[in-house]
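Please open the structure in a viewer and keep the sequence at hand. The tour below proceeds by selection, with a short account of what is found at each stop.

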Amino acid sequence: MDTVALFFTGALIAGGIYWFLCVLGPAERKGKRALDLSGGSISAEKVQDNYKQYWSFFRRPKEIETADKVPDFVDTFYNLVTDIYEWGWGQSFHFSPSIRGKSHRDATRLHEEMAVDLIQAKPGQKILDVGCGVGGPMRAIASHSRANVVGITINEYQVKRARDHNRKAGLDALCEVVCGNFLKMPFGDNTFDGAYSIEATCHAPKLEEVYAEIYRVLKPGSLYVSYEWVTTAKFNPDDEEHVEVIQGIERGDALPGLRAYSDIAVAAKKVGFEVVKEKDLAAPPAEPWWTRLKMGRLAYWRNHVVVQILSAVGVAPKGTVDVHEMLFKTADFLSRGGETEIFSPMHMILCRKPIS
Ligand SMILES: C=C(CC[C@@H](C)[C@H]1CC[C@H]2C3=CC[C@H]4[C@H](C)[C@@H](O)CC[C@]4(C)[C@H]3CC[C@]12C)C(C)C
Ligand SMILES: C[S@@+](CC[C@H](N)C(=O)[O-])C[C@H]1O[C@@H](n2cnc3c(N)ncnc32)[C@H](O)[C@@H]1O
């Protein structure tokens, strides 16, 4: 091969690698690097076993119904997915309606700020974030409201990540993170001036149990808002395709069973809340929340190749490929749930704990 041919072949290969890694683009530009993918608090050699264990919960549905097993199963799930979520989505583990002319990052932030505006949080007040993840919403909400936010998550690894992010963002004076079960919170009665949960209480086996705990720790007269994952009025349990989509969402997202939209206010009232407002934030005229998932497909495919290579050379733990594949399929079930409008991840309920 002469020098010119060699030069052009080299340039073509370099261009191909640049296109694959940069033009095809990371799903989320700022965040974790592929090289840092881990199994959370699970040691690298146990990731594959834990993934199998995660699936075995679904083979024995009775176990899922046994409420006391659910927090462990959810904890395992978040050890497996937290790094991949951060790498491919960012620090806010939830959806938001698309907003014309705004980036996903801005749309996400507006969705988070709406929650804290709804509960009318004031500077200096103490607000609870139920199921806080790695704290994306908590940081946005603390900066927006100047309230003190206390987040709780069942997953130890997320606590560490959230605290690191809070420190780096210079928000550790306003944001605190606690490891614990939201079904049995380590807080006294009447502690908080407000509370919110963003796409987290769907992991509770019985909604009234987590709502009762939130009710207990709130001061009388204060507000609580939740964005709930639900099946909508369009869901038909006799339609095989609907059932396939909903089961796909449950299995890929560690859910003990999706609730119907009509169950939410019933659970809130049962524990003593007054329901101030209820609205499906995904319903038209809101722009679709699932377009971000669909638009990312090419990047997810690229991510899959990256994960396969890193796993083969021993940089990412064995089992990461299986977890990534599960998420890949879950993204498809979620998009189908959104397109058919049988599923919403943002059924909003605003409640008040009565004064007496
Ligand atoms: C509220 C919950 C999580 C909601 C979303 C944040 C996540 C649901 C599905 C996740 C993803 C699916 C596909 C992944 C992709 C294959 C990978 O390359 C990069 C990360 C994904 C985009 C990942 C990101 C987070 C989700 C969108 C549940 C658990 C209650
Ligand atoms: C999908 S993530 C959402 C995180 C965060 N609200 C956000 O939007 O970025 C769900 C969160 O709920 C937490 N969670 C689930 N079950 C829990 C439980 N029993 N106790 C405490 N946290 C729990 C998970 O650990 C995770 O942090």
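A residue is counted as near a molecule if one of its heavy atoms lies within 4 Å of it. The model shown here is a predicted one.

**First stop: the ligand**

Select ligand 1 together with its surroundings. The ligand is surrounded by 22 residues, and the closest are Tyr78, Tyr85, Trp229, Asn303 and His324. Display the side chain of asparagine 303: one of its N or O atoms is 2.7 Å from an oxygen atom of ligand 1. Then display histidine 324, where a polar side-chain atom lies 2.6 Å from an oxygen atom of the ligand.

**Second stop: the nonpolar cores**

Select Trp229 again, one of the residues closest to ligand 1. Trp229 is also among the residues with the most contacts inside the largest nonpolar core, which has 46 residues. Others listed with it are Ile119, Tyr196, Val225, Ile249, Trp289 and Phe343. Which residues does isoleucine 249 touch, not counting residues up to four places away in sequence? They are Trp229, Leu255, Leu258, Phe333, Leu334 and Phe343.

A second core, separate from this one, has 29 residues, including Ile42, Tyr51, Tyr54 and Tyr78. Tyr78 was met at the first stop, among the residues closest to ligand 1.

**Third stop: a pair of helices**

Select helix H2, residues 47-59, and helix H13, residues 320-339. Their axes come within 8 Å and cross at roughly 40°. On the side of H2 the contact is made by Val47, Gln48, Tyr51, Tyr54 and Trp55; H13 contributes Thr320, Asp322, Val323 and Met326. Six of the residues in this contact are nonpolar, two are polar and one is charged.

**Fourth stop: serine 96 and threonine 108**

Select serine 96, in the loop between helix H4 (70-88) and helix H5 (104-118). Is serine 96 buried or exposed? Its relative accessible area is 11%, and serine 96 is therefore buried, the cut-off being under 20%. Beyond its neighbours within four places in sequence, serine 96 is in contact with Ala107, Thr108, His111, Trp289 and Met346.

Continue to threonine 108, which lies in helix H5. Threonine 108 is likewise buried, with a relative accessible area of 8%. With neighbours within four places left aside, its contacts are Ser92, His94, Ser96 and Arg292.

Finally, select isoleucine 42 along with threonine 108. The two are 66 residues apart in sequence, and their C-alpha atoms are 29 Å apart in space. Isoleucine 42 leads back to the second core, of which it is a member.

Conventions:
Residues are numbered from 1 along each chain as its sequence is written. Chains are lettered from A and ligands numbered from 1 in the order in which they are written. This is a predicted model: local features need pLDDT of at least 70, side-chain atom pairs count only at pLDDT 80 or more; totals for chains, interfaces and linings use all residues. Side-chain values use heavy atoms; hydrogens and water are left out. Axes are lines fitted to C-alpha atoms, for helices over the stretch in contact, and angles run from 0 to 180 degrees between N-to-C directions. Helices (H or I, at least four residues) and strands (E, at least two) are DSSP runs, numbered from the N terminus. Contact means heavy atoms within 4.5 Å. Ala, Val, Leu, Ile, Met, Phe, Trp, Tyr, Cys and Pro count as nonpolar, Asp, Glu, Lys and Arg as charged, and the others, Gly among them, as polar. A nonpolar core is a set of buried Ala, Val, Leu, Ile, Met, Phe, Trp, Tyr and Cys residues joined through side-chain atoms within 4.5 Å. Buried means under 20% relative accessible area, exposed over 50%, partly exposed in between (1.4 Å probe, protein chains only). A polar contact is a pair of N or O atoms within 3.5 Å; within protein, one must be able to donate a hydrogen and the other to accept it, and residues adjacent in sequence count only if both atoms are side-chain atoms.
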